[in-house]
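User: Please take one part of this structure and look at it closely. Then go on to the core and the aromatic residues, in plain terms.

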Amino acid sequence: SRERYRYRLRLGAEGKVTDDVKVGLGFASGSNDQRSTNETLDDGFSSKDVRIDLAFAEWKPVDWVSVVGGKFKRKDYLWAPTDLIWDGDVNPEGVSVHLQTDNSLGNSYGNAGYWILEEYRDISDDPTLAYIQVGQKFKSGNFFGNVAGTYYSFDGLKDAAVIGDRGGNNSLDAGGNYENDYDAIGLSVEAGVKDVFIPGKNFSVFADYVKNDDSDEDTGRAFGFKYGDKKVSMPHTWQLKFINADLEADAFPDFLPDSDRFGGDTGVTSNEIVFQYAVAKNIILGLDYYESEVDAPGLDDDEQQLLQTDILFKF
């Protein structure tokens, strides 16, 4: 049993350089953990770290094209309805492009990027990730949806040292290096209805699937639902969400999935329930409960229950 009191600070700004170019920066509390900006109340009132969380330039020459480079928010350039393989705090580093066009069904879009995972002074083949995503958003009356397919191509990861000093439950060789490559295909989908039971409240179901062909423990999937307001910000808005996730040990690199699902390990099955409620404008209460279990060959069975309570102030 463990109990912690934690806080997080994020501060950012954006500014236009020209009509079609903007830059952004962000600072956040925390350490070098790419999946968390939390600080724990400990160490005799010691001063805590503040680090660069965002530093990017974005170019939008026309309405249907945007290009970004630096350290930026992932969600604008790679869509995923769950945190099965992408923790919400991960801000990638590299370059990405987003394309979109309206059609009779709604909106078609494409995302692609080349992201740097590590840099070695004595090795020329640095680990990188290239991806391409093609998707379609649907809209008809009160019905809406989104479906996307993604291909992930990791280069230089196999036989490389673990990223972020953690191998987690990924398969490693005797030297502690990655034993498998992690090229993978993914499928994401969400479908919902607006104004269900109560005006302004939406209901949707969603799912994520990923498969890496270089291992026997190669599959991940998540599904769930959410009900409530689209955005929790104004007084008395709220949202309830449920996710069931099963991520096998080598489905995806272990430094990227949700860090709260059994410490961010792969080889884990989990149920998660999230509830958010705005008590006032930009003051949000949150409850997040995980019930997780290790489920991977060769690993001892272990279970974890995690309850997080949050108060969020936006300004």
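**A loop residue, the core and its rings**

Analyst: In this predicted model, Asp-229 is in contact with Gly-200, Lys-201, His-236, Thr-237, Trp-238 and Gln-239, once its neighbours within four places in sequence are left aside. Asp-229 itself lies in the loop between β13 (219-228) and β14. With one of these residues, Lys-201, there is a side-chain link: a polar contact of 3.4 Å joins the two side chains. Asp-229 counts as buried because its relative accessibility is 11%, and the cut-off for buried is under 20%.

Next comes the nonpolar core. In soluble globular proteins, nonpolar side chains tend to be buried together. Here the largest nonpolar core has 34 residues, and the members that touch the most others are Ile-85, Trp-86, Tyr-152, Phe-154, Val-210 and Phe-252. Two or more residues come from each of β5 (50-62), β9 (128-140), β10 (143-155), β12 (202-212) and β14 (238-247). Of the elements, β14 gives the most, with three residues.

Tyr-152 shows what such a core member meets. Beyond its neighbours within four places in sequence, Tyr-152 is in contact with Leu-78, Ile-85, Trp-86, Leu-129, Ala-130, Tyr-131, Tyr-182, Asp-183, Ala-184 and Phe-252.

Now the rings. A pair of aromatic rings is described by the distance of the centres and the angle of the planes. There are 14 aromatic pairs in the structure. In one of them, Phe-72 and Trp-115 meet edge-to-face, with 6.3 Å centre to centre and 70° between the planes. These two residues are 43 residues apart and link distant parts of the chain: Phe-72 is in the loop between β6 (65-71) and β7 (93-102), while Trp-115 is in strand β8 (residues 106-116). Both are buried.

Another pair, Phe-154 with Phe-252, is also edge-to-face; its values are 5.6 Å centre to centre and 75° between the planes. Phe-154 belongs to strand β10 and Phe-252 to the loop between β14 and β15 (268-280), so this pair, too, links distant parts of the chain, 98 residues apart. Phe-154 counts as buried because its relative accessibility is 3%, and Phe-252 is buried, with a relative accessible area of 0%.

The residues of both pairs belong to one aromatic cluster, formed by Phe-72, Tyr-77, Trp-86, Trp-115, Tyr-131, Tyr-152, Phe-154 and Phe-252.

One more ring has a charge as its partner: the charged end of Lys-137 sits over the ring of Tyr-109, 5.9 Å from the ring centre.

Key. Residues are numbered from 1 along each chain as its sequence is written. This is a predicted model: local features need pLDDT of at least 70, side-chain atom pairs count only at pLDDT 80 or more; totals for chains, interfaces and linings use all residues. Side-chain values use heavy atoms; hydrogens and water are left out. A nonpolar core is a set of buried Ala, Val, Leu, Ile, Met, Phe, Trp, Tyr and Cys residues joined through side-chain atoms within 4.5 Å. Buried means under 20% relative accessible area, exposed over 50%, partly exposed in between (1.4 Å probe, protein chains only). Helices (H or I, at least four residues) and strands (E, at least two) are DSSP runs, numbered from the N terminus. Contact means heavy atoms within 4.5 Å. Rings of Phe, Tyr and Trp (its six-membered ring) pair if their centres lie within 6.5 Å; planes under 30 degrees apart count as stacked, over 60 as edge-to-face and the rest as tilted. A charge sits over a ring if NZ of Lys or CZ of Arg is within 6 Å of the ring centre and within 35 degrees of the ring normal. A polar contact is a pair of N or O atoms within 3.5 Å; within protein, one must be able to donate a hydrogen and the other to accept it, and residues adjacent in sequence count only if both atoms are side-chain atoms.
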